[in-house]
Amino acid sequence: MLSGERHVTAAGGGVPAAAGMTADGAAETPAAVPGAGMVADSGGAAGPQSRTTDIVPGPGGVMTDEVGVVTGDLTLRTEYADGKVTLRVQYKDADEWYAVTGTSVALADPAGLDAVHGVAVGLLHRPEG
């Protein structure tokens, strides 16, 4: 997991990135931890889900629909709901979220949310410029 990365579900609970998995991909012996499964914690395979990571965009910042360009320390949230993925940013620890311009698109399989979020972080997180 990247520094500052948080996996958040619609219910607001954290989801470990490798819940129930070992380094070689073989499932561990199930533990008696209520709600430890990814699907149970995420509102179901097709239910609303999100991933968040703190980022610092490069020169030019991030263009948003509501307020134009935002710069500085931001939090990026990749949301999946109703077959669509949307990217939003906020100033770190602020209340308001802004839609990243041009980033609300169809996502056929919610299992792709982690990949989409990883690509978005890779494109937008440019602390060195």
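The following paragraphs lead through the structure from its overall layout to its strands, its nonpolar core and its charged contacts.

The model is predicted. Its average pLDDT is 77, and 64% of the residues score at least 70. Over residues 7–44 the pLDDT stays under 50, and for this stretch the model has 36 contacts beyond four places in sequence. The protein contains 2 helices and 8 strands, and along the sequence these elements follow the pattern β-α-β-β-β-β-β-β-β-α. Of its 129 residues, 33% count as buried. The protein exposes about 7,300 Å², of which carbon and sulfur atoms supply 58%. Among contacts between residues at least 6 apart in sequence, 48% join residues at least 24 apart.

A suitable place to enter the fold is strand 2, which spans residues 49–55. Because 7 of its 7 residues are buried, strand 2 is largely enclosed by the rest of the structure. The cover extends to both faces: Gln49, Arg51, Thr53 and Ile55 are buried on one side, and Ser50, Thr52 and Asp54 are buried on the other. Strand 2 pairs with strand 5 (residues 74–81) in the antiparallel sense, over 7 bridges. Within this part of the fold, Asp54 stands opposite Thr75 of strand 5.

Strand 5 leads in turn to strand 6. These two strands run antiparallel and are joined by 8 bridges; Thr78, for example, has Leu87 in strand 6 as its bridge partner. Strand 5 and strand 6 form a hairpin with 2 residues between them, and Asp82 in the turn has a positive phi of about 55 degrees.

Strand 6 has further partners. With strand 7 (residues 98–99) strand 6 pairs in the antiparallel sense over 2 bridges, and Ala99 of strand 7 is the bridge partner of Arg88. This pair also forms a hairpin, with 6 residues between the strands; Asp93 in that turn has a positive phi of about 70 degrees. Strand 8 is likewise antiparallel to strand 6, joined to it by 2 bridges, and here Val85 stands opposite Val105 of strand 8.

Beyond strand 8 comes the loop that precedes helix 2, and Ala108 lies in this loop. Ala108 counts as exposed because its relative accessibility is 83%, above the cut-off of 50%. Ala108 and Gly83 are 25 residues apart in sequence, while their C-alpha atoms are 6.0 Å apart in space.

The nonpolar interior can be considered next. The largest nonpolar core has 12 residues, namely Ile55, Val62, Val70, Leu74, Leu76, Leu87, Val89, Tyr98, Val100, Ala120, Val121 and Leu124. Strand 5, strand 6 (84–91) and helix 2 (113–124) are the elements that give two or more residues to this core, and helix 2 gives the most, with 3 residues. Leu87, one of the core residues, shows how these parts meet. Leaving aside residues up to four places away in sequence, Leu87 touches Leu76, Arg77, Thr78, Tyr98, Ala99, Val100, Thr103 and Ala120.

Charged side chains provide another set of links, and a search of the whole structure finds 4 salt bridges. In one of them the side chains of Arg51 and Asp114 meet, at 2.6 Å from N to O. This pair connects distant parts of the chain, with Arg51 in strand 2, Asp114 in helix 2, and their positions 63 residues apart in sequence. How do the two partners stand with respect to burial, buried or partly exposed? Arg51 counts as buried because its relative accessibility is 6%, under the cut-off of 20%. Asp114 counts as partly exposed because its relative accessibility is 37%, which falls between the cut-offs of 20% and 50%.

Two further salt bridges involve Glu79. Glu79 forms one with Arg77, the closest N and O atoms being 2.6 Å apart, and both of these residues are buried. Glu79 also meets Arg88 through their side chains, at 2.8 Å from N to O. With a relative accessible area of 18%, Glu79 is buried, whereas Arg88, at 24%, is partly exposed. Salt bridges that share partners thus join Arg77, Glu79 and Arg88 into one network. Arg88 therefore appears in two settings described above: as the bridge partner of Ala99 in strand 7, and as a member of this network.

Note on methods:
Residues numbered from 1 in each chain as written. Predicted model: local features only at pLDDT ≥ 70, side-chain atom pairs only at ≥ 80, totals over all residues. Heavy atoms only, no water. Buried < 20%, exposed > 50% of the residue type's maximum accessible area, 1.4 Å probe, protein only. Helix = DSSP H or I, 4+ residues; strand = E, 2+ residues; numbered from the N terminus. Pairing = 2+ DSSP bridges. Core = buried A, V, L, I, M, F, W, Y, C linked by side-chain atoms within 4.5 Å. Contact = heavy atoms within 4.5 Å. pLDDT = per-residue confidence, 0-100. Areas by Shrake-Rupley, 256 points an atom, 1.4 Å probe, with all protein chains shown as cover.
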